[in-house]
Amino acid sequence: MPPRLPPLSALRLFEAAGRHQSFKRAAAELHLTPSAVSHGIVGLEQTLGVALFIRSPQGLSLTPEGVDYLAYVTEAFSLLLTGTRRLPTPDASRAISISCAPTLASRWLLPRLGTFLQRMPNVDLTMDTSQRQVGFPADGFDFAIRLSRAPVASDAWHRLFGQRLVPVCSPAYRASHADADGKLDLRAVTRIHVTSASEDWQGWIEGAGIDDFDAQGGLSFDSIQIAFDAAMTGLGVVIGRRPLVDDYLASGALVPAHDITTPAQGAYWLICAQDIEPHPECVAFRDWVIEQARPFG
């Protein structure tokens, strides 16, 4: 006799508790009491005959079996969500779901998004900026915008634009550290690094053809936005990526710290789910993003 599937309601409790590593936070999300979530998980563990969580005074954690099972349950719910979203609605329209890196979303996509919503005012839109790897169709996204170093030969991939590296700093920092000719010696400045883009300084140095330049040392931050904020407060020089830094340069919040800009490796790509063609709102979004990116090449 084939094994019976556990109740869907119990799996939903497990997915939320496993994702949050907390019965309390899972309960808040599901509008239940922590006790109800805990009892539901106990019932699921008894049904499966395996412990899914380790309960200790330090908190809640998944057992190795729980970690493995959560991956399957999460994917199953993602597929159910995707299938549900693909069902036709009375007006043949549905929400658009996008995955986009946070800096690109805040510095490039969001400032332009109003023009799309003016064209398609009845479209609901969801954006995820977690930077996790996206799987189509399991994750339920219609689009992902990602930075890729290698060209991708696929009808689902559309190149948007490349980037150029430019050292930037605050006007006050440049004024206080410049020589008599108004130039900065970048060997002597405090260099600001982004840990997720640690190659930016070296990439700019090599592209600029500058010898005897050690890019190590200085300040390091785990996000581009915090690094920009640090530069704007006068802490040092950071490598900006155009066009993402263009608004700061246009406003004068940041200024070039050197005359040379160099091309960065890779480009931003729009990746589309395979089944967007029957949905006019998705086709419209794809075409709009490509149109918006065209001036940046």
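**Exercise 1.** In this predicted model, determine whether Phe 14 and Phe 53 are buried or exposed, and then classify the geometry of the aromatic pair that they form.

*Solution.* Step one concerns accessibility: both Phe 14 and Phe 53 are buried. Step two starts from the tally of aromatic pairs, which comes to 15. Among them, Phe 14 and Phe 53 have ring centres 5.8 Å apart and planes at 70° to each other; because the angle for an edge-to-face pair has to be over 60 degrees, this pair is edge-to-face. Step three places the two rings in the chain, where Phe 14 belongs to helix α1 (residues 8-20) and Phe 53 to strand β1 (residues 53-56), so that the pair links distant parts of the chain, 39 residues apart. Step four widens the view, since Phe 14 and Phe 53 form one aromatic cluster together with Phe 23 and Tyr 69.

**Exercise 2.** Work out which partners Arg 12 has, considering a ring, a salt bridge and a network of salt bridges.

*Solution.* Begin with the ring: the charged end of Arg 12 sits over Phe 77, at 5.8 Å from the ring centre. Next, the side chain of Arg 12 meets that of Glu 15 in a salt bridge with an N to O distance of 2.5 Å. Both of these residues lie in helix α1, three residues apart, which is about one turn of the helix. Their accessibilities fall into separate classes, because Glu 15 has 8% relative accessibility and counts as buried, whereas Arg 12, with a relative accessible area of 29%, is partly exposed. Finally, Arg 12 and Glu 15 are linked with Arg 19 and Glu 29 in a network of salt bridges.

**Exercise 3.** Establish which parts of the chain are joined by the salt bridge of Arg 107 with Asp 247 and by that of Asp 200 with Arg 241.

*Solution.* The count of salt bridges comes to 13, and two of them are examined here. In the one between Arg 107 and Asp 247, the closest N and O atoms are 3.9 Å apart. Arg 107 lies in helix α5 (residues 102-119) and Asp 247 in helix α9 (residues 246-251), so this pair ties together parts that are 140 residues apart in sequence. Arg 107 also lies over the face of Tyr 248, at 3.9 Å from the ring centre. The side chains of Asp 200 and Arg 241 meet at 2.6 Å, N to O. This pair links distant parts of the chain, with Asp 200 in helix α7 (residues 200-208) and Arg 241 in strand β9 (residues 237-242), 41 residues apart.

Technical notes: Residues are numbered from 1 along each chain as its sequence is written. This is a predicted model: local features need pLDDT of at least 70, side-chain atom pairs count only at pLDDT 80 or more; totals for chains, interfaces and linings use all residues. Side-chain values use heavy atoms; hydrogens and water are left out. Rings of Phe, Tyr and Trp (its six-membered ring) pair if their centres lie within 6.5 Å; planes under 30 degrees apart count as stacked, over 60 as edge-to-face and the rest as tilted. Helices (H or I, at least four residues) and strands (E, at least two) are DSSP runs, numbered from the N terminus. Buried means under 20% relative accessible area, exposed over 50%, partly exposed in between (1.4 Å probe, protein chains only). A charge sits over a ring if NZ of Lys or CZ of Arg is within 6 Å of the ring centre and within 35 degrees of the ring normal. A salt bridge is a side-chain nitrogen of Lys or Arg within 4 Å of a carboxyl oxygen of Asp or Glu.
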